[in-house]
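Student: Got a minute to walk through a model with me? I'd like to go through it piece by piece.
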Amino acid sequence: MTELIPGKEKILETALVEFADKGYEGARVDRIAIEAGVNKALIYYHFKNKEELYVSTINYLFEKSAPTKLEIPSSLTVKEKMSILIRHFTTFIHNNPIFVKIMDQAVNTGNRIFDNLYEQNLYFQMVMALYFEGVEKGEIRSVEEPVDYLVSLLGSCYFFYSHRNALYKFYNRELDEREFLEMRIRTVQDIVDRVLFQK
């Protein structure tokens with residue numbers, strides 16, 4: 001993870017809110033400077049233009065969510081390792097709604113910008129590595145299109161939170177946030193178990 005000086009981190013944290021609320025086109029560097037309590041020149045010292053600030057902001061968001069600090073013992077089964085990763089990813093999305101909001105906007109902004117998001121594939125790469133490890137060890141069944149399966153499985157974590165306001169009406173009871181998070185994790189883990197681990 002990139003080491004950040006306090007002023008730069010404050011700019012990125014403020015930019016996250018601005019881009020999430022206003023989108024790329026509507027966001028203003030002037031507002032970011034005011035809200036961050038810094039001189040606009042300092043922003044352009046760290047980032048040459050608005051696009052670089054936007055890309056850096058989203059990469060910073062990915063770094064915050066990245067499971068690089070997860071300590072997953074090699075002695076665990078692939079299923080146990082996958083469970084830890086699912087819990088980490090789902091918990092981060094649940095606790096950081098701004099992540100979903102800004103990622104949806106980033107995808108729709110254009111491939112040229114989205115292609116510069118160097119952290120975007122980290123979860124997918126880790127899940128894919130676990131898939132191949134599981135197949136090699138005989139823990140996971142081999143599927144014809146593993147990329148399509150794994151994109152769908154990660155999507156089962158992400159999709160609900162991307163559409164939460166619309167989907168929540170289908171739940172006929174009130175759940176507190178912790179209870180809801182645990183339910184989502186159980187559901188996703190059950191989907192993964194049935195799709196990949198049942199032969």
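Tutor: Sure, let's start with helix H2, residues 29–36, whose buried residues are Val 29, Ile 32, Ala 33 and Ala 36. Buried means under 20% relative accessible area, exposed means over 50%, and partly exposed is in between, with a 1.4 Å probe and protein chains only. Helices here are DSSP runs of H or I with at least four residues, strands are E runs of at least two, and both are numbered from the N terminus.

Student: Why do those buried ones end up on the same side of H2?
Tutor: Because they cover an arc of only 100° around the axis. That arc is taken from the directions from the helix axis to the C-beta atoms.

Student: And what is exposed on the other side of H2?
Tutor: Ile 34 and Glu 35 are exposed there. Just after H2 comes Gly 37, with a positive phi of about 70°.

Student: Before I trust any of this, where does the model come from and what are the ground rules?
Tutor: It's a predicted model, where local features need pLDDT of at least 70 and side-chain atom pairs count only at pLDDT 80 or more, while totals for chains, interfaces and linings use all residues. Residues are numbered from 1 along each chain as its sequence is written, and side-chain values use heavy atoms, with hydrogens and water left out.

Student: OK, what pLDDT does the chain average?
Tutor: The average is 84, and 88% of the residues score at least 70. pLDDT is the predictor's confidence in each residue, from 0 to 100.

Student: Where is confidence lowest in the chain?
Tutor: In helix H7, residues 111–114, at a mean of 61. H2 has the highest, at 94.

Student: Zooming out, how many helices and strands are there?
Tutor: The chain has 11 helices and zero strands. Of its 199 residues, 43% are buried.

Student: Now packing. What angle do H5 and H11 make?
Tutor: Helix H5 (residues 78–95) and helix H11 (residues 177–197) pack at about 140°, and their axes are 10 Å apart. The axes are lines fitted to C-alpha atoms, for helices over the stretch in contact, and the angles run from 0 to 180 degrees between N-to-C directions.

Student: What's in that contact, by class?
Tutor: The contact of H5 with H11 has 10 nonpolar, five polar and seven charged residues. Ala, Val, Leu, Ile, Met, Phe, Trp, Tyr, Cys and Pro count as nonpolar, Asp, Glu, Lys and Arg as charged, and the others, Gly among them, as polar.

Student: Which residues of those two helices can I use as a distance check?
Tutor: Try Gln 189 and Ile 86, which are 103 residues apart in sequence but 7.1 Å apart in space, C-alpha to C-alpha. Gln 189 is found in H11 and is buried, at 18% relative accessible area.

Student: Switching to electrostatics: how many salt bridges does the structure hold?
Tutor: Nine. A salt bridge here is a side-chain nitrogen of Lys or Arg within 4 Å of a carboxyl oxygen of Asp or Glu.

Student: What does Glu 18 pair with?
Tutor: Arg 31, with the closest N and O atoms 2.8 Å apart. Glu 18 sits in helix H1 (residues 6–26) and Arg 31 in H2, so the bridge ties together parts that are 13 residues apart in sequence. Glu 18 is buried at 8% relative accessibility, whereas Arg 31 is partly exposed at 32%.

Student: And which salt bridge does Lys 79 form?
Tutor: Lys 79 pairs with Asp 193, the closest N and O atoms being 3.8 Å apart. Lys 79 lies in H5 and Asp 193 in H11, so this pair ties together parts 114 residues apart in sequence. Lys 79 is partly exposed at 40%, and so is Asp 193, at 22%.

Student: What about Lys 81, is it buried or exposed?
Tutor: Lys 81 is buried, with 8% relative accessible area. Its side chain meets that of Glu 133 in a salt bridge at 2.8 Å, N to O. Glu 133 is in helix H8 (residues 122–137) and Lys 81 in H5, 52 residues apart. Salt bridges with shared partners join Lys 81, Glu 133 and Lys 137 into one network.

Student: Last one: where is His 163?
Tutor: In the loop between helix H9 (146–162) and helix H10 (164–167). His 163 is partly exposed at 35%.
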